[in-house]
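Thanks for coming, everyone. Please have a look at the structure on the screen, and then I will walk you through its empty spaces, its rings and its cysteines.

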Amino acid sequence: MDAFTSFFDSQSRNIWSYDTLKNFRQISPIVQAHLKQVYLTLCCALIASAVGAYLHTLWNIGGYLTTFACLGTIIWLLSTPPCEEQKRVSLLMASAVFEGASIGPLIDLAIQIDPSVLVASFVGTALAFACFSGAAMLARRREYLYLGGLLSSGVSVLLWLHFASSIFGGSTALFMTEIYLGLLAFVGYMIVDTQDIIEKAHLGDLDYVKHALTLFTDFVAVFVRILIIMLKNSAEKSEKKKKRRD
């Protein structure tokens with residue numbers, strides 16, 4: 001928590017202006033072009049994911065099969081050499097479609113309960129991504145890379161909590177604790193991964209497909225958790241309204 005507090009404190013101490021927002025002098029033109037390619041590929045992956053979720057609403061294809069298919073295509077992508085660019089882009093889009101189908105049941109539930117929650121969750125995730133990723137680009141190089149170890153430890157703790165709750169049984173409070181802590185961790189990853197991509201690009205790693213996959217994973221992880229939180233809040237509000245009517 002101290003690391004996140006220092007992040008917000010350091011940002012508040014800076015004097016923000018329009019000139020500051022245009023200041024990308026720490027990022028070379030080659031890296032800037034690479035980032036544009038990464039974010040364009042990320043947008044295409046998000047569209048492909050939306051297609052996958054739509055296919056689930058039509059044919060109910062989301063489940064364990066699409067989850068394993070998503071993992072398989074990601075492994076296939078990472079094992080494919082960077083020279084096969086068209087194949088790797090196709091694998092990224094395929095994994096995005098499978099990912100969208102995998103979270104399709106959650107999206108379908110949101111549509112049934114309150115479609116506005118789905119829109120608000122996506123807009124909130126997009127705003128969070130833009131703010132934290134933009135802050136990482138405007139910050140000094142390698143300033144927040146040290147958060148990577150802390151975030152990895154946090155995700156490991158969450159995995160152990162999830163494993164323990166699946167064996168010994170868990171409560172709603174524990175589940176929501178995992179959701180909130182996971183949201184905090186993956187928002188942090190938005191910052192760390194953005195700076196990591198910039199640093200790798202300065203060192204010559206211009207693999208935009210792999211970098212787009214990294215940011216896509218962060219985006220989906222944050223979106224799912226925000227959607228679950230908003231669905232729970234919406235369900236609680238509807239229950240209170242029913243009690244008042246009764």
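Let me start with a pocket. The second largest one has a volume of about 290 Å³. Sixteen is the count to keep in mind here: 16 residues line this pocket, and A50, A53, I107, F122 and F223 are the closest to its centre. Which elements give two or more residues to that lining? They are α3 (29-59), α6 (104-113), α7 (115-138) and α10. The most comes from α3, with seven residues. As for chemistry, the lining has 13 nonpolar residues, three polar and no charged.

A word on what you are looking at. This is a predicted model. The chain has ten helices and zero strands. So much for the elements; now the chain as a whole. It has 246 residues, and 42% of them count as buried. Take the contacts with a separation of 6 or more. Of these, 86% are between residues 24 or more positions apart.

Next, the largest pocket. Its volume is about 1100 Å³. There are 26 residues in its lining, and E99, F186, A221, V224 and R225 lie nearest the centre. Which helices take part, with at least two residues each? The answer is α4 (64-79), α5 (85-102), α8 (147-168), α9 (172-202) and α10 (208-245). Here α10 gives the most, with eight residues. By class, this lining divides into 18 nonpolar, five polar and three charged residues.

Then there is the closed kind of space. How many cavities of 30 Å³ or more does the structure hold? It holds one. About 60 Å³ of space lies in this largest cavity. Let me read out the lining: Q26, I27, A136, M137, A139, R140, R141, R142, Q195, I198 and E199. Both α7 and α9 supply at least two residues of it. The largest share, three residues, is from α9. The classes here are five nonpolar, two polar and four charged.

On to the aromatic rings. The model has six aromatic pairs. One of them joins F129 and F219. Their centres are 5.8 Å apart, with 65 degrees between the planes. That makes the pair edge-to-face, because planes over 60 degrees apart count as such. Where do the two partners sit? F129 is in helix α7 and F219 in helix α10, so the pair ties together parts that are 90 residues apart in sequence. Buried or exposed? Both F129 and F219 are buried. The two also belong to a wider group: Y39, F122, F129, F219 and F223 form one aromatic cluster. You have met F122 and F223 already, among the residues closest to the centre of the second largest pocket.

Now one valine. V89 is found in helix α5. Its relative accessibility is 24%, so V89 counts as partly exposed. The cut-off for buried is under 20%. Which residues does V89 touch, once we leave out those up to four places away in sequence? They are Y208 and V209. V89 and V209 are 120 residues apart in sequence. In space, they are 6.4 Å apart, C-alpha to C-alpha.

Last, the cysteines. How many disulfides are there? The count comes to zero. Take C43 as a case. The nearest cysteine sulfur is that of C44, 6.9 Å away. A disulfide needs the two sulfurs within 2.5 Å, so C43 is in no disulfide. How does C43 differ from C70 in accessibility? C43 has 42% relative accessibility, so it counts as partly exposed. C70 has 4%, so it counts as buried.

To wrap up, three things to take away. The chain has ten helices and zero strands. The largest pocket, at about 1100 Å³, takes eight lining residues from α10. And the same α10 holds F219, the partner of F129 in α7. Thank you.

Methods. Residues numbered from 1 in each chain as written. Predicted model: local features only at pLDDT ≥ 70, side-chain atom pairs only at ≥ 80, totals over all residues. Heavy atoms only, no water. Buried < 20%, exposed > 50% of the residue type's maximum accessible area, 1.4 Å probe, protein only. 1 Å grid on protein atoms, 1.4 Å probe; cavity = no way out; pocket = protein on both sides within 12 Å on 5 of 7 lines; lining within 4 Å. Points joined across faces, edges and corners; volume = space filled by probe spheres on them. Helix = DSSP H or I, 4+ residues; strand = E, 2+ residues; numbered from the N terminus. Nonpolar A, V, L, I, M, F, W, Y, C, P; charged D, E, K, R; others polar. Phe/Tyr/Trp six-rings, centres within 6.5 Å; stacked < 30°, edge-to-face > 60°. Contact = heavy atoms within 4.5 Å.
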